[in-house]
Protein chains: 2
Amino acid sequence: MSVATGTVNSAPGPNPQASIQAERANSSFDPTVMHYFLESSKAKAEDFKSVCQQMERDPILANDASYYDLTKAEQREVTARRIARIAQYLEISPDRKTEATRNAVLNLYDPQVGTRIGVNLGLFLGCIRGNGTVAQQKYWTSTKETNNLKGIYGCFGMTELAHGSNVAGLETTATFDQDTDEFVVNTPHIGATKWWIGGAAHSATHCSVYARLIVNGEDFGVKTFVVPLRDSNHNLMPGVSVGDIGAKMGRDGIDNGWIQFSSVRIPRFFMLQKFCKVSRDGDVVLPPLEQLSYSALLGGRVQMVMDSFRWSARFATIALRYAVGRRQFKSSAQADGSETQLLNYPLHQKRLLPWLAQAYVFSVGAWKMEETLAVTLDELDIAVENNDMKAIMKSINDMKSVFIDSAANKSTSTWLTADLIDQCRQSCGGHGYSSYNGFGKAFNDWVVQCTWEGDNSVLAMSVGKPFIKAVVEVLKNGKKQTGSISFLNDAKAVDNKDLYLRSSSDVLDLKKSLRAIEILITRIAIQGSHIVAENNNSYDSVGASSLAISKLKAHHYMLKEYIDRIEKNEYKELNPYLLKLGQLYVTANVIEKFSGEFVSNYVISPETLNEVINKVTPKICAELRPDVIALTDSFQFSDFIINSAIGKHDGNIYENYFGTVKQLNPSKLTKAPYSAEFESALNRSSTDVRERFERSGVAGSILSK
Amino acid sequence: MSVATGTVNSAPGPNPQASIQAERANSSFDPTVMHYFLESSKAKAEDFKSVCQQMERDPILANDASYYDLTKAEQREVTARRIARIAQYLEISPDRKTEATRNAVLNLYDPQVGTRIGVNLGLFLGCIRGNGTVAQQKYWTSTKETNNLKGIYGCFGMTELAHGSNVAGLETTATFDQDTDEFVVNTPHIGATKWWIGGAAHSATHCSVYARLIVNGEDFGVKTFVVPLRDSNHNLMPGVSVGDIGAKMGRDGIDNGWIQFSSVRIPRFFMLQKFCKVSRDGDVVLPPLEQLSYSALLGGRVQMVMDSFRWSARFATIALRYAVGRRQFKSSAQADGSETQLLNYPLHQKRLLPWLAQAYVFSVGAWKMEETLAVTLDELDIAVENNDMKAIMKSINDMKSVFIDSAANKSTSTWLTADLIDQCRQSCGGHGYSSYNGFGKAFNDWVVQCTWEGDNSVLAMSVGKPFIKAVVEVLKNGKKQTGSISFLNDAKAVDNKDLYLRSSSDVLDLKKSLRAIEILITRIAIQGSHIVAENNNSYDSVGASSLAISKLKAHHYMLKEYIDRIEKNEYKELNPYLLKLGQLYVTANVIEKFSGEFVSNYVISPETLNEVINKVTPKICAELRPDVIALTDSFQFSDFIINSAIGKHDGNIYENYFGTVKQLNPSKLTKAPYSAEFESALNRSSTDVRERFERSGVAGSILSK
C-alpha cells in the first residue's frame, strides 16, 4: 500500500508525465530554433508567440475545455463577443502584419471566429479589392472603417442553393435600369437563393453579390455588386429576405444564412468596376479574364494551406504526446515488466510519424504560397493602376499559375489534414472520442475546408486538364511549357517503361524522388490524353487521372519548396532531422500512398517498392522516434492552443483528463435532469396493472361468454 | 415571366424531382423483390418494413430533422423517453425476433438509443450469458425483468482510464474475503477508474465489472462480477462514485460515465461462474479459454457489420438521389442546354457507385455473420449445459474462427462505412455539411464503431498474426489448416511471382478474383513471416502486413458469401444487377484500393491493372447508372429512416431542404439573441472618444510639458 499523496491510492498509478519529461530532457536539438524554421523566420516565430500570449491572457479570447460544451446558441454568442474584442485590437493595430498572425491563430483555436472575420475582411473586402476601382476599394474598406470591423460588416454572396462550383451558372440577376441609373437585383426562383452566406443570418450589413449583369436584355455573365442588407439600426432593407441556415456539421458559431432579393435597387456605382464597367448609357466593358473576378477566393485558398500546416501540427502533437505517455500490453522487450509505450510499436510509428512529417513539409509550402500570392496580387494592382497592358497580361499569366498551384495545394492539403485529424483521433483510442481532447470539434470544423471556396474535387479536376492539354502540345508540336508545369517538356524522353527509382537509396535522395513525381505525373498525363482521345475528346472521362495529377502536383510543390528551404536553411544543425522528415514524407506519404500508380507506371519496381514499405519507412520512423517530443514541442503551441486534456505539455494525461471531466461535469450531481422520468419507467408497475387486468383470465372468462 | 404557382417566380426554377421520378419509372427490376435479397428473405424484409412502420408512426419514436437541432441535454432526455417507450414494446413482445429488428432499426436512425439499450441487453446481459451459470442468467435476465428494461438497468464495466484494448491488464480488483464470503471490489488508483461506461453516468443500477480476481493474495487475472451501482431509489450505493464523462464527438444521448469503487462489498454469488468458480473455501477453478469471457463483445461486433450494411445503404441513397437530381455545368452532350446531372459525370459515378456496391455486398456478409454467431453460441451453451467436453472444445474452436472473422469484418466494415459517410457527404458539396442532410451527426455517431468493442487497429493486428503463423506452419511442415484460413494450404504453390489475374476478363470472373485475394493474402503472409524472422520473431514488426491481411480477409469473406448467395438466389432475374455490383466491388473496392499490393505481389500486371482502373470500372459504372434509383429504392427506407432533406424519396431536393431550414429557423426572427451586443460593437464610438481623448494632440501637449 503506497503512502497517500494527493489522493489516497491503494497501488501506484500510471505516470505518463515521466516518459514525456524524460524524452524532452534528452532532446538533441533546440525546439525554439526549429520553431524559427517552421514559422519561416525568427521574426515571424516571435510574432506568432507574442500574439498567442496576448490572446491566451485576454479574458474574452482565451479558450479552454469548456469551449467543447457550448451549445450552438452559446457558440454564436461567444463568437460575436470575440469578434467585438478583435475589433478593438484592429483599431489600435500599427500595421496589418500582426493582424494576419492573429487571424491565423484564431483559425487554429477557434476557427469559427476566424472564419466570421475572414468572410468580412478576406472575402467581402477581397472581392472589392479584386473587382473594385481604387476609389471603390478605399470607400468600402477604410473610409467606412470596415477594415476595423466597424459600421459596415460584409458578407460574400457567391453560392446559391442550386449553384456552387459552377459560378458562371449563378442565376441571381442585376438588371440595369437606365432610367434611374440603378441595378435591380433579383432572385428569380428558389434555386437562385443565396445560400451558405457566412454572416448573412444575423451579422452582415452589406453583401458582395455575384449576379448576372443584364443590360438591354443582354446577359453579360456574372459580375459583382455591393448590396446593403441591413440599415444602421440593423433592420433588413426592403426587398431583402434573410434567414438562418441552421445547424451544421461544425462551425455552428458562424451564422450562415440564405438571402433572397426581390427587386432590390442599388445605384450603378455599387457595381464593382475595376475590370467590368457599365456606363450611364448602358455600354458594357468586359474584363480581360473572367476568372479575375474570383481572385477573392485565392487568399482563402492560400490561407487554408497555412491552416493545414498548423492544424496538422496541433493534432499530430496531441496524438504523439499521448502515444509517448500511454502504455499498452507488456512486451518481452520491456525488462522492468511495465507495459510498452504506444509509440514504441512500429505500427503506431507508421500511423503517426508520417503526419508529423506532413506538418513540417506543409509549413514550408504554405509560407511559399502566401508569399507568391501577395507578390502576384500586388503586381497586378500596380499594373492595373498604371493601365500597363503588358504588365497586366504578365500578371494574368502569373495568376493562372497561382490558380493551378493553389487549387492543387488547397485541395490536397485540406484533404490530408482531415485524414490526419481523424487518424490521430483513432490512434488515441476511445479517449480520442471525448470532446475534451479536441479531435471531434476539430474534424467537424475542419472538413468544410474540403468543400468551400472551391470544392476539392472540382479544383483537382481543374488542375488535371491543363496538364493533359500541355502534354499533348509537347508531344505533338514540341510546344514549350513554362512555370510549374515546365517539367512536361521532357514528356517524350519519359514516355516509356524505364524504371527511374532503381533502389531505396534513389528514393532517399529527395531530388530524385522529386524527379520521380514529375515522371509519374507526365506518364499519367500522357495516359490521360489517350483516354481523352478515345472518349470524343471529353475531359469528363479523365476525372480520376486529373485527381491523381492534382494530388501529385501538390506533393511536388511541397517537396520542391522543402528541398529548397533545407538547402538555404541558416540553422544547419537542424538539417539532419528535417532531411529524415522529408524522406519519410516521400516514402510514406507519397510513394506508398500512390504505390499502384508508381509501380504500374514503371517509375519504381515492385522489389524496390516492397523494400521501401517494409524496411525503409520503418527504419526512418525508428530513427525519428527519440526526438518526437522535441519535434512536436517545436511547434511552440501552449496548452491554450492545444486545448486537449490528453495533449497538454506536461504529459500528465490521466490527471489532466479526469480533472477536466470532473470540473465540467460535477459528480456531486448524481441524478440527471431527466432522472425522474427514467426512474419511473424503470420502476413501472406490471403490464397487468397498467392494462387494468383486461387480459387476465378473469376478464377472459367474462369476455368469452 | 412564368405564371405564379406555389410561389411567385420570375423564371422557372430547377426541377430535380422530375429526373428522379423519370428514372424511377424506368426501373428494369422490382425494388421490392430486391429488398427480399438484401434483407436475406421475404419474411425478414417484411418484418423490417412492419417494424419501421410501427416506429415511424409512434409519437415518441418518430424522428425528423428537428433531431439534428437537439442540444446534448435534449438528446439525453429524448433518449431516455425513447428507452421507456421501447420498454413498453418489449414487455408485450411475443418473441425476441422482432425486437432484434427493432434494435437494428434504432441503430440506423437513432443509434444513441440503440446503443443505450444495446449496452444493457447486449453487453450487460451478454456478459452474464457468456460468463454466468444458467441459474445466474435466469436470475439477472428474466426473474428481475431486466430483459424488459425494468427494475434493473445494466451497464458494462470493462474499459478503464488507462486500459482499453489490453483487457488482461485491467487493474480494478475483486479480492475474496473468506471471512464474510464476499468480494471486495476496489479501484486502486486513477488509472483503474472504469471509463466510457455507457449508462453509468445516470441510468444504470448494476454493472458487469471486469476485475482482477485476487484470492489469498494470488492474482487469477480478469474475471466478471455483477456489482450494484444504485439502489431502487436510484441513489448511489455506498463506496460507489460515478460521474458523467461529458461531451463527445457524437452520441451525446448516451450517458457514458466513469466509476470508482472504494472497497465495495458484494456476495460471492455475484461473481459470474459459468467457467471460473471460487468456492466457499477460496478454491479457484479457471476457464478453459480466457477469451471466452470476452464473448459478450462478439454480438456487438457482428451487429456492427449489420449496421455497416444499413448505414452504407442509407448514406449512399442520400448521395445518389442528390447526384441524380442535382445538375452542374453545361455539357455539349446536353442538347437542350440544361446542365448535366452530377451522376452523369464518370468521376461522380466512380466516387459513389462503389459505395452502393459496398452496401449490397455487405448485406450478404452481415447476414451470414449473424447466423454463424447465433449457431456457435447456441452450440456452446448446449455443450456447457451438458458438460460435454468434446462439444465444448469444438465450440471453442469454432469460436476462434468467429473471433477472427468478426475481428476482420468489424474493423474493415466500420472503417469503410466511416469513409462512405464522409465521401458521400463531400459528394453533396456544401449541402452535405448542413446538419439537416444527415451526414454530420451520422459521421460523428458512427466513427466510435471503429474504436469501441475492439479497437479496429488492434483487431486487425489480431487477424494478421494467425495468418502469418499458419503460413509458416504450412511452408515448414505442411501442417494442414482448416476453416477460413484453409486457402493457406496452397502457400507453396503460390510462393512465386506468377501472375494470376491475366486479363480484365479474369478480374470480372468473381471466383477468379476471390482466388486472387487468397493468393495475395498468402503472399503478404509469407512476406510477413520473413519480416518476423528478420526482427527477432517480433510480431510487432508486421503491424502493417497484418492490417493489409485483415482488410483483405474481410473482403474475401464478403465476396465469398456474396458469390454463394447469388448462386443460390431464388430471384434469378436480379442476378445481372447483383453480378455487376459484385464486379464493381472487386475492381474499385478491392483491386484499385490495394493496387500497390496486387501489382507488387505479381497477382496482376501493371497493364491489366491500368485497364481495370481506366476502362473496366468506368464501363461497369456506366452500365449501372440507369438503375441507380431502383438500386437505392431497393433498401426500402422511408423518409423517416433517411431523415435527410436532400435525400427524400420524392427527389424534390431544393423545396424540401429550404422548407426544413425555414421551419426549424423561422426567418421572421430577423435578429439573433446576441444581436444587441453585436450591433453596439459595430456602431461603437471612435477610439478617441473611448480613450477619453488621452492620446490627442491636446493631451500630448499637456503631458509632454
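These legends go with a set of close-up views of a predicted model.

**Figure 1. Chain A as a whole.**
Let's start with the big picture before zooming in. Chain A packs 25 helices and 13 strands into its fold. Its radius of gyration is 29 Å, close to the 27 Å that the globule rule gives for 705 residues, so chain A is as compact as a globular protein of that length. Laid along its principal axes, the C-alpha trace of chain A spans about 90 × 85 × 70 Å. Buried residues account for 62% of the 705 residues in chain A. Take the contacts in chain A between residues at least 6 apart in sequence, and 75% of them turn out to join residues at least 24 apart.

**Figure 2. Surface, charges and domains of chain A.**
Chain A exposes about 25600 Å², and carbon and sulfur atoms supply 53% of that area. On the charge side, chain A carries 77 positive and 77 negative side chains, with the centres of the two sets lying 2 Å apart. Chain A is divided into domain 1 (39-131), domain 2 (154-290), domain 3 (298-633) and domain 4 (671-705). If you go from the centre of domain 2 of chain A to the centre of domain 4 of chain A, taken over C-alpha atoms, you cover 61 Å.

**Figure 3. Gln341(A) at the end of a strand.**
Gln341(A) sits in strand β13 of chain A, which runs over residues 339-341. Its relative accessible area is 9%, and because the cut-off for buried is under 20%, Gln341(A) counts as buried. What does Gln341(A) touch once its neighbours within four places in sequence are left aside? The contacts are Ser19(A), Glu23(A), Ala323(A), Val324(A), Arg326(A), Arg327(A) and Arg625(A).

**Figure 4. Val616(A) in helix α19.**
Here we look at Val616(A), part of helix α19 (residues 606-624) of chain A. Val616(A) is buried, with a relative accessible area of 9%. Setting aside neighbours within four places in sequence, Val616(A) is in contact with Ser504(A), Leu508(A), Thr587(A) and Glu611(A). For a sense of scale, pick Asp47(A): Val616(A) and Asp47(A) are 569 residues apart in sequence and 38 Å apart in space, C-alpha to C-alpha.

**Figure 5. Val33(B) and its partners from far along the sequence.**
Over to chain B, where Val33(B) belongs to helix α2 (residues 31-38). With 14% relative accessibility, Val33(B) counts as buried. Apart from neighbours within four places in sequence, Val33(B) is in contact with Tyr571(B), Glu573(B) and Leu574(B). Take Glu573(B) from that list: 540 residues separate Val33(B) and Glu573(B) in sequence, yet their C-alpha atoms are 9.8 Å apart in space.

**Figure 6. Ser411(B) inside helix α10.**
Ser411(B) is found in helix α10 of chain B, which covers residues 389-427. Is Ser411(B) buried or exposed? At 0% relative accessibility, Ser411(B) counts as buried. Not counting residues up to four places away in sequence, Ser411(B) touches Ser406(B), Asn456(B), Leu459(B), Ala460(B) and Ser550(B).

**Figure 7. Gly114(B) in helix α6.**
Gly114(B) lies in helix α6 (residues 111-131) of chain B. This glycine is buried, with a relative accessible area of 2%. Beyond residues up to four places away in sequence, Gly114(B) touches Asn103(B), Leu106(B) and Asn107(B). Pro188(B) is another story: Gly114(B) and Pro188(B) are 74 residues apart in sequence and 33 Å apart in space, C-alpha to C-alpha.

**Figure 8. Two serines of chain B with positive phi.**
Which loop holds Ser40(B)? Look between α2 and α3 (42-57) of chain B. Ser40(B) has a positive phi of about 80°, although it is not a glycine. At 25% relative accessibility, Ser40(B) counts as partly exposed. The second serine, Ser263(B), lies in the loop between β8 (257-261) and β9 (264-267) of chain B. Phi of Ser263(B) is near 50°, again a positive value in a residue other than glycine. Ser263(B) has 49% relative accessibility and counts as partly exposed, because the cut-off for exposed is over 50%.

Methods: Residues are numbered from 1 along each chain as its sequence is written. Chains are lettered from A and ligands numbered from 1 in the order in which they are written. Side-chain values use heavy atoms; hydrogens and water are left out. Helices (H or I, at least four residues) and strands (E, at least two) are DSSP runs, numbered from the N terminus. The radius of gyration is taken over C-alpha atoms; the globule rule is 2.2 Å times the number of residues to the power 0.38. Buried means under 20% relative accessible area, exposed over 50%, partly exposed in between (1.4 Å probe, protein chains only). Contact means heavy atoms within 4.5 Å. Accessible areas come from the Shrake-Rupley method with a 1.4 Å probe; for residues, only the protein chains shown count as cover. Lys and Arg count as positive and Asp and Glu as negative; His and the chain ends are not counted. The place of a charge is taken as NZ of Lys, CZ of Arg, CG of Asp or CD of Glu. Domain bounds come from an automatic or database domain assignment.
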